[in-house]
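Me: I am new to this structure and would like a close look at a single part of it. Please pick out one buried charged residue, walk me through its surroundings, and then set it within the whole chain.

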Amino acid sequence: MRSNTFMYNVKISINLWKNIMSIKNCEFIVAGKPTGKARPSFTKQGHAYTPKETRQRETLIKQTAWVAMQNSRLKVTDRRVSVIVSFYFDVPKSYTKTKTILCQSGVLVPSKPDIDNLAKAVLDGCNEVVYRDDAQVWHLSAFKSYCKSDQKAETHVKIQWDELENFAQ
């Protein structure tokens, strides 16, 4: 009886070693001033459409994410994903030197656009490129701040998911 239990435990251990969970990462930077997802516009006939600026930004995000996925040799995932996104804005030129220093040190943060609209543009832009649908996002962290003196306006995106790797061949 004892040897059967031992053999059963050995089989489980071998199967666990054959299938190991690994963390996949897709990281990329989208150049340019971060813009949020705008509300849909409507035609006179009542049809809704996405404004041109929003479509252009989502296309840029999609293209940048696609390049990052190709460079990392990753495929679109069906797994749940965690998204960390940081939005960096230029300090307005009209700000005084003191206010500029406060912005660059992180004391002052941009108030507009709303962070949820900024995040929604990134999530929608990654649909069908990194993950099938943004409904797979189970964790989201979003930050916005002004650029440091040597930095340009941009958006940093990091998307992670776990994947079962099968090493048995």
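Reply: Start with a term. A salt bridge is a side-chain nitrogen of Lys or Arg within 4 Å of a carboxyl oxygen of Asp or Glu. Keep that cut-off in mind. Note too that the model is predicted.

The residue to look at is Lys144. Lys144 sits in strand 5, which covers residues 137-146. Lys144 is buried, yet it has no salt bridge. Which side chain of opposite charge is nearest to Lys144? That side chain belongs to Asp114, and it is 5.5 Å away. A salt bridge needs a distance within 4 Å, so 5.5 Å does not qualify.

What does the side chain of Lys144 reach instead? One partner is the backbone oxygen of Ser111, at 3.1 Å. Another is the backbone oxygen of Pro113, at 2.7 Å. Setting aside residues up to four places away in sequence, Lys144 touches Phe87, Phe89, Val109, Pro110, Ser111, Lys112, Pro113, Asp114, Ile115 and Leu118.

Pro113 deserves a second look. The peptide bond leading from Lys112 to Pro113 is cis, with omega near -5°. Pro113 is placed in the loop between helix 3 (97-104) and helix 4. Both Lys112 and Pro113 are among the residues that Lys144 touches.

Now step back to the chain. It has 4 helices and 6 strands. Along the sequence they run α-β-β-β-α-β-α-α-β-β. Of the 169 residues, 34% are buried. The chain exposes about 11,500 Å², and carbon and sulfur atoms supply 55% of that. Take the contacts between residues at least 6 apart in sequence: 85% of them join residues at least 24 apart.

Next comes the largest nonpolar core. It has 27 residues. Those touching the most other members are Cys26, Phe28, Cys126, Val130, Tyr131, Ile159 and Trp161. Strand 1 (19-31), helix 2, strand 4 (81-89), helix 4 (115-125), strand 5 and strand 6 (154-166) each give two or more residues to this core. Strand 4 makes the largest contribution, with 5 residues. Strand 5, where Lys144 lies, is therefore on the list of contributing elements.

Phe28 shows what such a core member meets. Beyond its neighbours within four places in sequence, Phe28 is in contact with Ile61, Thr64, Ala65, Ala68, Cys126, Thr155, His156, Val157 and Ile159.

Met69 offers another view of the interior. Met69 lies in helix 2, residues 52-71. Is Met69 buried or exposed? Met69 counts as buried because its relative accessibility is 1%. Its C-alpha atom is 8.5 Å from that of Glu27, although the two residues are 42 apart along the chain. Leaving out residues up to four places away in sequence, Met69 touches Cys26, Leu74, Lys75, Val76, Val129, Val130 and Trp161. Cys26, Val130 and Trp161 also appear among the core residues that touch the most other members.

Finish with two loop residues. Arg73 is in the loop between helix 2 and strand 4. Arg73 has a positive phi of about 55°, although it is not a glycine. Arg73 is exposed, with a relative accessible area of 76%. Glu128 is in the loop between helix 4 and strand 5. Its phi is positive too, about 65°, and Glu128 is not a glycine. At 51% relative accessibility, Glu128 counts as exposed.

Technical notes: Residues numbered from 1 in each chain as written. Predicted model: local features only at pLDDT ≥ 70, side-chain atom pairs only at ≥ 80, totals over all residues. Heavy atoms only, no water. Buried < 20%, exposed > 50% of the residue type's maximum accessible area, 1.4 Å probe, protein only. Contact = heavy atoms within 4.5 Å. Areas by Shrake-Rupley, 256 points an atom, 1.4 Å probe, with all protein chains shown as cover. Lys, Arg positive; Asp, Glu negative; His and termini not counted. Polar contact = N/O pair within 3.5 Å; in protein donor to acceptor, adjacent residues only side chain to side chain. Core = buried A, V, L, I, M, F, W, Y, C linked by side-chain atoms within 4.5 Å.
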